[in-house]
Structure formats: structure tokens, C-alpha cells
Amino acid sequence: MVNVAVLGYGTVGSGVVEVIKTNKAIVDKKAGQEINVKYVLDLREFPGDSVMDILVHDYNDILNDPEVEVIAEVMGGVEPAYTFVKAALEKGKSVCTSNKELVAKHGPELINIAREHNRNFLFEASVGGGIPVIRPLNECITADEINSITGILNGTTNYILTKMSKEGLDFDTVLKEAQALGYAERNPSADVDGFDACRKIAILSSLAYGKSVNFEDIYTEGITKISDTDFKYANKLGKSVKLFGKAEKAGDKINVFVAPVMIGKDHPLFSVDGVFNAILVNGNVLGDVMFYGSGAGKLPTASAVVSDIVDAVRNLNNTAYVDWSTEKLELADIKESEKKFFVRVSGDKASKEAEINKSFGNVEYVVADDVNGEFAFVTDAMKEKDFEEAASSIDGMITRIRME
């Protein structure tokens, strides 16, 4: 029997306990021995819940118990999670986590500490909830050079953009609906401003290229400026708008960004709707492979955590190889990246056409139904810095969206 402790009895933590109980026979069989949840750590009380029998409020009860060999950290946030996890690894306990903030900020350090103590730091649930993508990057897609990783990495923003696209609703209306349904927090900034997706693409790009990507260095743009009018044009073009987290090779550097992108029906991620997530990986030999599923939620995320617990139990004295060094990955300047742009401009097309053609060269104008007082166009592929220079000469630009 292997004793496990769960740090945090919130949505994911209660899910971890539930998955282990519900699928006990399967989990134990795959782990090769019985998994016993000996402790659950939380500051709160849970009257009437059977967890009260194993609930503790002092982390030292867990840390100093030599019978606890695996810890599942599902509290979220950097502190006290970092302090708790580091101490556990130094005590020779393996740790599994769903905490993307922790992994993005301290991943390589904690991996090294685990390695020094012949234990594991596992974090499958930190990206994509229940979607298995971390382990495939570590263990399955190892014969390929990764050309790019493109992800719809946040269910809240994908839900909002899907509703705007399908039902013609404005951003504020859908955001309130998402909050009422529990898909968005009262303060939705981490989702709608792109910070959640930023941390996740930082983790994925670090694993893909073996060096550390600081999420603070990643160009990040959220969806708060996307409007229902943008979707009127997108529908006319047979396209949609998704929030992408993307890492792609750019010569000897890697271009990493988070931003809304307009894509067509031929794009593999076009049909990923609602709260679902998907990660598209392109390898130089494999080509495209896509991972799709529930990107968040109690049981999908808990399932990924429990899978890591099983893996940790199987490898109690064997550290799994993770290619993620502390060396910093040199990122390309996004201003040097090249894309097409969708642009909306207020005013009359006839009065500005000459100026636009002079600044942007060949463009494709777009007319959308029920849109007055403005017009739109699509540029040829151009560098971001060249677009910025050209756009500075155009009066009345409302918005621009990158295109693939």
C-alpha cells in the first residue's frame, strides 16, 4: 500500500478523492498496489463529509509522516504551494500537481529537486485539464523536432467566442452568462486577458524545446476587444476567431504568443467549440497530431492528477525523464513574425481606399451585412512591425485581428 496526501479540498481536490474512491479497483490495479488517501489538507472544515476522518490543518503532519510517499498539490497559486511542494520533494516525496502558475514559474527547479532525491514532479493536469498532452510530449513525440504547438488552452474564452460567433451576442452579455454558469470567475481577468493561456503555452513550449520560457516574456493579448461585429465579418469570410496560445520555430529562435486569431474552416482547430480545449502539435516527421477534450472541470482535471499519482506510485524509486532545463529559451521578437491581418476602419471606404492601398499594397475588402459606418479589409502576409507602421497612417482604425 502507498499512502497519498491531497493538498486542498476544493473543486479539484475533492475530485481527486472522488476519482480514487470511485475507480479504486482500476486505479490500484494500474498502480500495481493499493493507493490510500491518508490525509487531506485544508484550512476549512467539512461537516458531514467523510473527508473529516482524514482532514488535517497543519502541513507538517503530512510532511513529517514517512508513510506518505506521494502528494497531490491542487491548491493553486504560487504560495504556499511552492514552499509545500519544494519541502515535500526534499523530504523524498513525489508530487503531482494541477497548478499551472507553480509549474510555469518554478517547473525546472522542482524537476531538478525531484531528480536529486530520486522522486518525481508530475504536472499533466496543469495544461489542458483532462487532456493528456504533457506525457505525450515527454514520452511519445520524442523522435520529432517540434515545428509548432498551437492551442485553444482556455475553456472560458473559447465558450465566450463560440457564443459570440454562433448567436451574434456581444462580449459583455456572454461574459455575464459564463459567470452565471460557473465557467468564468467573478474577476475573469486571468481568462479573458489571456494570462491563463500564457502560462500554459509557456509550459508547453518549455517542454517542446527543452529550455525555460518565462511567461512574463510572452506577448499576450486577450479577447476583451473582440466584438460581435468582428464575427459578422468573420462569418462573411467563412472564418471564426479563437484565442490561440502558440509556439513556433522562427529560424534559430522560437516565436511564442497568446492572441485572438481568425481561422478558416480548413484549420484543424476551427470546430473546437464551447468549453473544450485542443492542442495541435506539428512535428517535422510526424506532421500534425491533435489532443482534444475537456480542458477544465472537477473530474477531468482530477482524472489527470490521479493518472500522475498512479505514475508516481509505479516509479517510486525511478525518476521519469523530463527535458526542461533552467537555461532560458531565446524568444523571437513578435514584431518580426509574418501574418495576414483583418482590419476594421471607421468611415467611408471610398474616401480612404487610396490611402489604404498606398500603405498596405494589395488588400481584399470585406463587406458584412448589417454593418454601417465602417468597412474592413484583409492584408497580404506582412511582418507585424510593417503592419504597425502602415496602420499608423490610417485614420479611424477600429481593430485588427491576426489571421492564419
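Which residue in β17 is the bridge partner of Phe341? In this predicted model, the bridge partner of Phe341 in β17 is Arg402, and that pair offers a convenient way into the strand pairing around β13. Strand β13 covers residues 338-346 and strand β17 covers residues 397-403, and the two run antiparallel, joined by six bridges.

The next residue to follow along β13 is Phe342, which stands opposite Val378 in β15. Strand β15, made up of residues 374-379, is joined to β13 by five bridges, and here too the strands run antiparallel. A further partner of β13 is strand β16, residues 382-383, with which β13 pairs in the antiparallel sense over two bridges; within this pairing, Lys339 is the residue that stands opposite Met382. As background to reading such pairings, the side chains in a regular strand alternate between the two faces of the sheet.

From the strands we can turn to the enclosed space. Rolling a probe the size of a water molecule over the atoms shows where empty space is left, and the structure holds two cavities of 30 Å³ or more.

The largest cavity has a volume of about 100 Å³. Its lining is formed by 13 residues, of which Leu122, Ile134, Arg135, Asn138 and Glu139 are the closest to its centre. The elements that contribute two or more residues to this lining are β6 (121-122), α6 (134-140) and α12 (298-314), and the largest share, four residues, comes from α6. Sorted by class, the lining of the largest cavity comprises seven nonpolar residues, five charged residues and one polar residue.

The second largest cavity has a volume of about 50 Å³. Among the residues that line this second cavity are Ile111, Ala114 and Arg115, together with Arg119, Asn120, Phe121 and Leu122, and the lining also includes Thr319, Ala320 and Val322. Two or more residues of the lining come from each of α5 (100-116) and β6, with α5 giving the most, three residues. By class, this lining holds six nonpolar, two polar and two charged residues.

Read together, the two linings have a point of contact in β6, an element that gives two or more residues to the largest cavity and also two or more to the second largest. Leu122 is a residue to inspect in this respect, since it is listed among those closest to the centre of the largest cavity and is also one of the residues that line the second largest cavity.

Notes
Residues numbered from 1 in each chain as written. Predicted model: local features only at pLDDT ≥ 70, side-chain atom pairs only at ≥ 80, totals over all residues. Heavy atoms only, no water. 1 Å grid on protein atoms, 1.4 Å probe; cavity = no way out; pocket = protein on both sides within 12 Å on 5 of 7 lines; lining within 4 Å. Points joined across faces, edges and corners; volume = space filled by probe spheres on them. Nonpolar A, V, L, I, M, F, W, Y, C, P; charged D, E, K, R; others polar. Pairing = 2+ DSSP bridges.
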